[in-house]
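Work through the exercises below with the model open. Try each task before reading its solution.

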Amino acid sequence: MIQKFADWLVYDLFSIDASTHFGASLNFFFYDTIKILILLFLISSIMGVINAYFPIERLKNFLTTRKLYGFQYLFASLFGAITPFCSCSSIPLFIGFVKGGIHLGVTFSFLITSPLVNEVAVAMFLGTFGLKATLIYTISGIALGMIGGVILEKLKLERYLSDWVKQIQAKSEIETAQWKIEHVSFIKRVPTIIRDAVGIVRGVIIYVIIGIGIGAIIHGFVPEGFFETYLSANRWYSVPLAVILAVPMYANAAGIVPVVQVFVAKGVPLGTAIAFMMGVVGLSLPEATMLKKVMTWRLIAIFFGLITLFIIVSGYLFNILLISL
C-alpha cells in the first residue's frame, strides 16, 4: 500500500517519468521515509505497552542474574534473521529495545543480523547460488551478530548512548513505576504511550529524512557497472575494497541478491560479491545518519569499524570455502 502511494505521488501526481534516475530516487525516498516513520511509531507504541506491563527492572534483572551462557545473543540474532528489515528499518526496533532496558550488546546482535539475513533473501540466494553458499551466508550472518554483540557488550559502551536515549529510558522507568503504584488501567495508559511514541518519531524525523535522502540519491544515480569494473580482478585487496565501496550504498538483502548474481557472472569472486552484499545491507551512510540520534559518533565509529572488519575477514573466508562455486 505504501509503495502504491509512493508510485501515485511521484509518477501520477508529480508526473515524473518512472524510467528516470530522479523519478526512481524520489519514489525510493517517499516509500522508505513513510515506511520507517510508521514502523517507528508502531514499534515505539508496542514497546510502550510492553514496558507498562513488564517492568524494565524485571527485564534487566532477568538478563543480569540469569546465566544464559550467551544464548541471549543467539536469540537476538535469530530474531533479527526472521525480521524482514533493511538496516534503516531495523533502527525503530533497536530504539525500542534500548528504551526497554535490554543490554546494548544483545540489542546490537539484533541490529547486525536483521538486515543481513531474512527469509526472502535466503530463498533468492538458494535459487541463485545453491545450498552450500546459502548455508554459509546464513550461518555467518547469524554468527556475525552473535560475536559482534558479545564484543560490543564487553566494551561497556552504554556511556556513548545519546542523551536523548538516556532521557527516554529514564522517563519510561518513571512512568512504569507510577502506573504500578497507582494501578492505572490500560485505557488510561494509552494516551501517554501514544504521546511518547509520537515524541520519539518527532525526535528522529530529521535524521530519517536526511538518511533516506542520502540513500535515495545513491539508489538512483550510481552508474551501472561501476563496481564490477573495480572488483572483477581477483586481487588481494578486492575484498576490503568491495566492503569500503559498499558502505555508501543502501539497499535491503533481497534487492541486492540480483546485483551479486551480476557481479559473479562478470567475474567477481563469489566471496568478494557476498562481502559487498553484507557491506551494502549491514552498513550504510543512511543508517549511520539515523543512528546519530541514538548514539554518539564515537559509538557509531566503533560499531561500523568492528562490523567492517568482520565482513572483510568473512569475505576472505567465503572465497576459500566457495572457491569451487
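A nonpolar core is a set of buried Ala, Val, Leu, Ile, Met, Phe, Trp, Tyr and Cys residues joined through side-chain atoms within 4.5 Å. Keep in mind that this is a predicted model.

**Exercise 1. The overall fold**

Task: State how many helices and strands the chain has, and what part of its residues is buried.

Solution.
- Start with the secondary structure: 16 helices and 0 strands.
- Turn to burial. The chain has 325 residues, and 53% of them are buried.
- Look at the surface. About 15,200 Å² is exposed, with carbon and sulfur atoms supplying 70% of that area.
- Finish with the contacts. Take those between residues at least 6 apart in sequence: 83% of them join residues at least 24 apart.

**Exercise 2. The cores**

Task: Find the residues with the most contacts inside the largest nonpolar core, and give the size of that core.

Solution.
- The largest core has 59 residues. Phe94, Phe108 and Phe303 have the most contacts inside it.
- Helix α16 gives this core its largest share, 10 residues.
- Apart from this core lies another one, of 6 residues. Ala76, Leu93, Val106 and Phe110 are among them.
- Now take Phe108 and set aside its neighbours within four places in sequence. Its contacts are then Phe94, Leu152, Met295, Leu299 and Phe303.
- As background, nonpolar side chains tend to be buried together in soluble globular proteins.

**Exercise 3. A nonpolar patch outside**

Task: Name the residues of the nonpolar surface patch that includes Val313. Is Val313 buried, partly exposed or exposed?

Solution.
- Val313 shares the patch with Leu309, Leu317, Ile320 and Leu321. Together the five residues have about 470 Å² of accessible area.
- Place Val313 on the chain: it sits in helix α16, residues 297-321.
- Apply the cut-offs: under 20% is buried, over 50% is exposed. Val313 has 43% relative accessibility, so it counts as partly exposed.

**Exercise 4. Positive phi**

Task: Locate Ser15 and Lys156. What is the phi of Ser15, and what is the phi of Lys156?

Solution.
- Ser15 is in the loop between α1 (2-13) and α2 (21-53). Its phi is positive, about 55°, although Ser15 is not a glycine.
- Lys156 is in the loop between α8 (131-154) and α9 (163-182). Its phi is near 55°, again a positive value in a residue other than glycine.
- Check accessibility. Ser15 is at 58%, so it counts as exposed. Lys156 is at 52%, so it counts as exposed.

Definitions and conventions: Residues are numbered from 1 along each chain as its sequence is written. This is a predicted model: local features need pLDDT of at least 70, side-chain atom pairs count only at pLDDT 80 or more; totals for chains, interfaces and linings use all residues. Side-chain values use heavy atoms; hydrogens and water are left out. Patches are made of residues with over 30% relative accessible area and no salt bridge: like charges are joined within 9 Å, nonpolar side chains (Val, Leu, Ile, Met, Phe, Trp, Tyr) within 5 Å. Accessible areas come from the Shrake-Rupley method with a 1.4 Å probe; for residues, only the protein chains shown count as cover. A salt bridge is a side-chain nitrogen of Lys or Arg within 4 Å of a carboxyl oxygen of Asp or Glu. Helices (H or I, at least four residues) and strands (E, at least two) are DSSP runs, numbered from the N terminus. Buried means under 20% relative accessible area, exposed over 50%, partly exposed in between (1.4 Å probe, protein chains only). Contact means heavy atoms within 4.5 Å.
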